[in-house]
Amino acid sequence: MSARDDGKGFKGNKRDLPSKPCAVCGRPMVWRRAWAKNWDSVRYCSDACRARKNAS
Ligand SMILES: [Zn+2]
């Protein structure tokens, strides 16, 4: 078992990761490990965009 396989290292091409546009700014969000559990519910690229959506 290799210790290099844990953490944030991806062996594959980053472009193989899923992505989708932010619901507020439209910038593409590339899949992040932190979102693995809730990728389907991630809609904003950042807290700033989430706040902007809730504002107004
Ligand atoms: Zn955004």
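This passage describes the fold, the zinc site and the charged side-chain pairing of a predicted model.

The protein chain contains one helix and two strands, and these elements follow one another in the order β-β-α when read from the N terminus. Of the 56 residues in the protein chain, 18% are buried. When contacts in the protein chain between residues at least 6 apart in sequence are considered, 12% of them join residues at least 24 apart. The accessible surface of the protein chain amounts to about 4900 Å², and carbon and sulfur atoms account for 50% of that surface.

The zinc ion is bound through the SG atoms of Cys22, Cys25, Cys45 and Cys49, which are its protein donors and which lie 2.2 to 2.4 Å from the ion. Along the chain, these donors are arranged with the spacing C-x2-C-x19-C-x3-C. The angles among the four donor atoms span 105 to 117°, and the site of the zinc ion is accordingly classed as tetrahedral, since four donors receive that description if all angles lie between 85 and 135 degrees. For reference, the ideal angle for four tetrahedral donors at a metal is 109.5 degrees. A search for disulfides across the whole structure returns zero.

As to the exposure of the donor residues, both Cys45 and Cys49 are buried. In the case of Cys49, the assignment follows from a relative accessibility of 3%, because residues count as buried under 20% relative accessible area. Cys25, by contrast, has a relative accessibility of 30% and therefore counts as partly exposed, a class that covers values between the 20% limit for buried residues and the 50% limit for exposed ones.

With regard to charged side chains, the structure holds one salt bridge, which is formed between the side chains of Asp47 and Arg50 with an N to O distance of 2.5 Å. In general, side chains of opposite charge can pair when their charged atoms come close. Asp47 and Arg50 both belong to helix 1, which comprises residues 47–54, and because they are three residues apart within this helix, about one helical turn separates them. The two partners fall into separate exposure classes, in that Asp47 is exposed, with a relative accessible area of 55%, whereas Arg50 is partly exposed, with a relative accessible area of 38%. Helix 1, at residues 47–54, also spans the position of Cys49, one of the donors of the zinc ion.

Technical notes
Residues are numbered from 1 along each chain as its sequence is written. This is a predicted model: local features need pLDDT of at least 70, side-chain atom pairs count only at pLDDT 80 or more; totals for chains, interfaces and linings use all residues. Side-chain values use heavy atoms; hydrogens and water are left out. Donors are N, O and S atoms within 2.8 Å of the metal (3.2 Å for Na, K and Ca); water is not among the atoms, so sites may look incomplete. Four donors count as tetrahedral if all angles lie between 85 and 135 degrees; four count as square planar and six as octahedral if opposite donors are over 155 degrees apart and all others between 65 and 115; anything else is irregular. Buried means under 20% relative accessible area, exposed over 50%, partly exposed in between (1.4 Å probe, protein chains only). A disulfide is a pair of cysteine sulfur atoms within 2.5 Å. A salt bridge is a side-chain nitrogen of Lys or Arg within 4 Å of a carboxyl oxygen of Asp or Glu. Helices (H or I, at least four residues) and strands (E, at least two) are DSSP runs, numbered from the N terminus. Contact means heavy atoms within 4.5 Å. Accessible areas come from the Shrake-Rupley method with a 1.4 Å probe; for residues, only the protein chains shown count as cover.
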